Amino acid sequence: MTRADLVDELARVANLTKQESEAVVDTVFEAITVALVQGDKVEIRGFGSFRVRQRRARTGRNPKTGSRVDVPGKKVPFFKVGKELRELVNSGGTRRPLAAPSPVTDAAAGHPES
């Protein structure tokens, strides 16, 4: 799923315009980014958590010449999947839809209302 797919799905499920759903997605991503830059942890129960990990400096090798290269330490974003999502993925189970389709959508799709 791409960012555009996520925007489209949010617009469909929440009955928002594409512009409104794009603003929501951008706001969520921006909030996660700002929190990580500030060194905070972002935890979304059932989904997972984002945090920043520190990698130590190390000595590597240039693959072309074989010479030693000092690789400086750095911070990297890290995602740890939540238990609920991990179990859902491993079971191959299906999850209930985010929202029930509206009668208007069903009628447009050729499904008469019950």
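Let me start with a single pairing, in which isoleucine 44 has glycine 48, a residue of β2, as its bridge partner. I should say at once that what we have on the screen is a predicted model, and I would ask you to keep that in mind throughout.

That bridge belongs to the pairing of β1 with strand β2, residues 48–55, which run in the antiparallel sense and are joined over three bridges. The two strands are part of an open sheet of three strands, whose order is β1-β2-β5 and whose pairing is antiparallel. The edges of this sheet are formed by β1, residues 42–44, and β5, residues 74–81, each of which pairs on one side only. From one strand to the next, the twist averages 30°. Against the sheet packs α2, which touches β1 and β2 and whose direction makes about 35° with that of β2.

Let me now step back to the whole chain. It has four helices and five strands, and along the sequence they follow the pattern α-α-β-β-β-β-β-α-α. Of its 114 residues, 11% count as buried. If we take the contacts in the chain with a separation of 6 or more, residues 24 or more positions apart account for 27% of them.

Which residues does isoleucine 32 contact, once its neighbours within four places in sequence are left aside? This residue lies in helix α2, and the answer is Val42 and Phe50. The C-alpha atoms of isoleucine 32 and valine 42 are separated by 6.6 Å, although the two residues are ten apart along the chain. Isoleucine 32 has a relative accessibility of 15%, and therefore counts as buried, the cut-off being under 20%.

A second buried position sits in the sheet itself, namely serine 49, in strand β2. Its relative accessibility is 8%, so it too falls in the buried class. Not counting residues up to four places away in sequence, serine 49 touches Lys41, Val42 and Glu43, and also Phe78, Phe79 and Lys80.

I turn next to the pair of helices at the start of the pattern. Two packed helices are described by the angle between their axes and the distance between the axes. For α1 and α2, the axes come within 8 Å and cross at roughly 120°. That angle is why α1 is described as oblique to α2, since roughly perpendicular covers 65 to 115 degrees and roughly antiparallel begins over 145. The crossing of these two helices is right-handed.

Which residues of α1 and α2 meet? On the α1 side they are Arg3, Leu6, Val7, Asp8, Leu10 and Ala11, and on the α2 side they are Lys18, Ser21, Glu22, Val24, Val25, Asp26 and Phe29. Sorted by class, this contact has seven nonpolar residues, one polar residue and five charged residues.

Finally, I would draw your attention to asparagine 15, which is found in the loop between α1, residues 3–14, and α2, residues 18–37. Asparagine 15 has a positive phi of about 55°, although it is not a glycine. Is this residue buried or exposed? With a relative accessible area of 71%, asparagine 15 is exposed, because the class requires a value over 50%.

Terms used: Residues are numbered from 1 along each chain as its sequence is written. This is a predicted model: local features need pLDDT of at least 70, side-chain atom pairs count only at pLDDT 80 or more; totals for chains, interfaces and linings use all residues. Side-chain values use heavy atoms; hydrogens and water are left out. Buried means under 20% relative accessible area, exposed over 50%, partly exposed in between (1.4 Å probe, protein chains only). Two strands pair if DSSP finds at least two bridges between them. Axes are lines fitted to C-alpha atoms, for helices over the stretch in contact, and angles run from 0 to 180 degrees between N-to-C directions. Contact means heavy atoms within 4.5 Å. Angles under 35 degrees count as roughly parallel, over 145 as roughly antiparallel, 65 to 115 as roughly perpendicular and the rest as oblique. A crossing is left-handed if the near helix is turned anticlockwise from the far one by less than a right angle, and right-handed if clockwise. Ala, Val, Leu, Ile, Met, Phe, Trp, Tyr, Cys and Pro count as nonpolar, Asp, Glu, Lys and Arg as charged, and the others, Gly among them, as polar.
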